[in-house]
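Here are some short exercises to work through with the model open beside you. Try each task on your own before you read the solution.

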Protein chains: 2
Amino acid sequence: MQAFRLNNQTDLRFGPLKEADLKAAVSQFGDRVLFVYGGHSIKASGLYDRVIKALSGLHVTELPGIAPNPKIDSVRAGQKLAKANNIQVILAVGGGSVIDASKVIGEAANYDGDPWDIVRDSELGKNTPQLPIVDVVTLAATGTEMNINAVISNPETKQKLGARSSRTPAVSFMDPTLTFTVPARQTAAGAMDIFSHLCEQYFDREPDNDATKGMIEGLLRSVIKWAPVAIKHPDSLPARQNLMWTATAALNGEMGAGNRNGWSCHPMEHELSAYYDITHGVGLGILTPRWMHYVLTTDPTTTALFARFGRNVWHLTDAEDEDLAGHAIAKTLAWITSLGFGMTLPEVGIPDDKNFAPMAQAAAKRLGNAYLPLDEAAVTAIYQASMTPGLA
Amino acid sequence: MQAFRLNNQTDLRFGPLKEADLKAAVSQFGDRVLFVYGGHSIKASGLYDRVIKALSGLHVTELPGIAPNPKIDSVRAGQKLAKANNIQVILAVGGGSVIDASKVIGEAANYDGDPWDIVRDSELGKNTPQLPIVDVVTLAATGTEMNINAVISNPETKQKLGARSSRTPAVSFMDPTLTFTVPARQTAAGAMDIFSHLCEQYFDREPDNDATKGMIEGLLRSVIKWAPVAIKHPDSLPARQNLMWTATAALNGEMGAGNRNGWSCHPMEHELSAYYDITHGVGLGILTPRWMHYVLTTDPTTTALFARFGRNVWHLTDAEDEDLAGHAIAKTLAWITSLGFGMTLPEVGIPDDKNFAPMAQAAAKRLGNAYLPLDEAAVTAIYQASMTPGLA
């Protein structure tokens, strides 16, 4: 196991949201609040009204319109608002995009340059003081509510980059009933993001990290079991509860403890989203089984871990590791397919075109420390395998 | 799932201990340090000298001699020293006993009455300000390095009680190589404590808490696999690493998230330790399989969970739940027995005597919310079953 440090300050509140608790959590940091949210969904659900009511008596500045794959322009707008209104605390209400944008806005408020600098330079991000973030999570997916990560897109430069902020959100409210209204497609994409976060940390080159791997296996079984339930029965409380807690536990630091933490599918997917603005979870769903197949067929030393994945996650009982490994990947493909989104790049509007080369080149720069290090040719092969159904 | 709150401030440093880091962690809180430790083991291992060297330049007051099942008299002594020397920070170097005693000393330093008040009254414990605790963990067992719990014994009143403190340790250093010198018997008792913490949280009345249960299953497999390795090969780094990280992860709050958290074996064991001062982990090892057998044979509705325990923890493949459940308990008994300590109460010096009634009576008071609520007769039956080898 590698040395690691865990120091997560987030005050996580899981359960029914109470307006008084929300107001207390926000106002402990001041009365000048930037309220950041996305589109119409929190208005349709009534959550917007509940939040406004909870914040009564405070000076609230609103920043609506944060889009999926949040754009640096929204962060720039937030920076201006935060500075102009002497904002003391940010309340982010939404999914990962809203919270990620708020994290960088919280730093940009204390930075005089362009916020894109903070995204590009993780040391600058980790060292810039951040306004405290309070959030209300409305989608089980990214786990951003309990980590320092933020992913921001820059359409001009065709970049989607993972930023680091100086601290985790101060208080995160997680009320699973707020996700009853999440449509099936978003529920599926969120579940796929959770599944991918777990796989990124499970397929790690550090040997013998059984404690962490064992926890990951349990969380994988949770998302595998409950995502289809939530898609079929959107108001299933146990499904929404398990997905929400699984999302947070998957990416609050503990599931990477002792790892080398070189990720594989996220860098490849970020290029797809940067060039084509596709839904992150959908891109991960397409890439993940093709990446697994590529790794297993390229490097036989990975067979043992894929076999363990088959035994402990998919409950497979084949006698031979080779069979377990192959069947585990087939099960993974079948499960992702069952979530109901398109499973090839053309289905989500991505042709095999001139962008493959720059995307593969950019992704490969961040894949040298992956479970199986991938160069440009390897990434291209995985993108190509994602053009057609099934496993090539 | 039940509502829950997670807010763990501990700064956990896992990996090779560096003296400069230790000094920085301590001195951030001041230069008047109470250095709390146990017996001769840290002197024999050279750790004492490393700590003294690291603390050079600070005003160090020493409190040695913290015993297993730490006694309230040690806490009283620490309270006096802390007050007399205007202590600003406590450095605890040792296992759970040393850290637990330090937690209560850290509160007693800010309390004018008898520290036993703090142990008896968990509200008082949670609300008394605490001196910051920095610790260096030398035994993988209790998980106290990342929670607010402390267990203190009072030989005069024959009580061993779980106290709550106002915050978790500020900084915990966990260097698995420091546990290479832990003798087999203590390694086994520590592993049993880890196993029990996981079982206490696994066998919980809250249904459908799959995310948490899945993580627990992974940690159980870790301790089951690595404890025998550490016992046989005390300097196995992966064994010591996995045990140490498993111990912390088992009891830092996440494995109880969403649970009702009524524990079973710990309250029964605390009575044994209070009356006979036996090693906590050994008492748990004796009681746990007998408690499992009692629960399964008393309440058939528990079969499904014991069967799941058999499948996911012990990799059993019986077709019927009844068989899985029974075999899982037999595997548990066999594993504990293999750790090498006495497996009946007489073997650890506890006769069937006049103390059974008051012990059972006291334990039953804290078992009304257990997985299977236990009254005095039930506890007595479990103690009785622990008098003879095997499962009655």
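## Exercise 1: A lysine and its partner

K83(B) is partly exposed, with a relative accessible area of 35%. Keep in mind that this is a predicted model.

**Task.** Find the residue that forms a salt bridge with K83(B), and say where the two partners sit in the chain.

**Solution.** Step one: look for the partner, which is D112(B); the closest N and O atoms of the pair are 3.1 Å apart. Step two: place both residues. D112(B) is in the loop between α5 (96–108) and α6 (115–120) of chain B, while K83(B) belongs to helix α4 (residues 72–84) of chain B, so the pair links distant parts of the chain, 29 residues apart. Step three: check the surroundings of the aspartate. Exposed means over 50% relative accessible area, and D112(B) has 75%, so D112(B) is exposed.

## Exercise 2: A pair within one helix

**Task.** Work out how far apart D73(A) and R76(A) are in helix α4 of chain A, counted in helical turns.

**Solution.** Begin with the contact itself: D73(A) and R76(A) form a salt bridge with their closest N and O atoms 2.9 Å apart. Next, use the positions. The two residues are three apart in helix α4 (residues 72–84) of chain A, and therefore about one helical turn separates them. Finally, compare the accessibility with the limits of 20% and 50%. D73(A) has a relative accessible area of 48% and is partly exposed; R76(A), with 21%, is also partly exposed.

## Exercise 3: Two loops joined

**Task.** Decide whether E206(B) is buried or exposed, and describe its salt bridge with R260(B).

**Solution.** First, the accessibility: E206(B) has a relative accessible area of 7%, so it is buried. Its partner R260(B) counts as partly exposed, at 37%. Second, the distance: the side chains of R260(B) and E206(B) meet in a salt bridge of 2.8 Å, N to O. Third, the positions: R260(B) is in the loop between α10 (237–250) and α11 (265–276) of chain B, and E206(B) in the loop between α8 (184–202) and α9 (210–232) of chain B, 54 residues apart.

## Exercise 4: Checking helix lengths

**Task.** Compare the span of α8 in chain A and of α12 in chain B with what 1.5 Å a residue predicts.

**Solution.** Take α8(A) first. This helix (residues 184–202) has 19 residues and should span 27 Å; its end C-alpha atoms are 27 Å apart, which agrees. Of those 19 residues, 16 are buried, so α8(A) is largely enclosed by the rest of the structure.

Now take α12(B), residues 280–298. Its 19 residues reach 26 Å from the first C-alpha to the last, close to the expected 27 Å. Look along the helix and you will find a kink of about 30 degrees at L287(B), shortly before the proline P289(B). α12(B) is mostly covered, with 15 of its 19 residues buried.

## Exercise 5: Where the chains meet

**Task.** Describe the interface: how many residues of each chain are in contact, and how much area is buried?

**Solution.** Count the contacts first: 42 residues of chain A are in contact with 42 residues of chain B. Then take the area. The two chains bury about 3,400 Å² between them, 51% of it on carbon and sulfur atoms. M1(A), F4(A) and W245(A) supply 18% of the area that chain A buries against chain B, more than any other three residues.

Charged pairs come next. There are six salt bridges between chain A and chain B. R221(A) forms a salt bridge with E217(B), with the closest N and O atoms 2.4 Å apart. A network of salt bridges links D210(A), E217(A), R308(A), R221(B) and K225(B).

## Exercise 6: The start of chain B

**Task.** Find out which residues M1(B) touches.

**Solution.** Locate M1(B) in the segment before β1 (4–6) of chain B. With a relative accessible area of 12%, M1(B) is buried. Leaving out residues up to four places away in sequence, M1(B) touches F14(A), Q241(A), N242(A) and W245(A) in chain A, together with E206(B), P207(B), N209(B) and G258(B). E206(B) is the residue that pairs with R260(B) in Exercise 3.

Terms used: Residues numbered from 1 in each chain as written. Chains lettered and ligands numbered in written order. Predicted model: local features only at pLDDT ≥ 70, side-chain atom pairs only at ≥ 80, totals over all residues. Heavy atoms only, no water. Helix = DSSP H or I, 4+ residues; strand = E, 2+ residues; numbered from the N terminus. Expected span 1.5 Å × (residues − 1). Bend = angle between axes of the 7 residues up to and from the residue. Buried < 20%, exposed > 50% of the residue type's maximum accessible area, 1.4 Å probe, protein only. Contact = heavy atoms within 4.5 Å. Buried area = accessible area lost by both parts, 1.4 Å probe. Salt bridge = Lys/Arg side-chain N within 4 Å of Asp/Glu carboxyl O.
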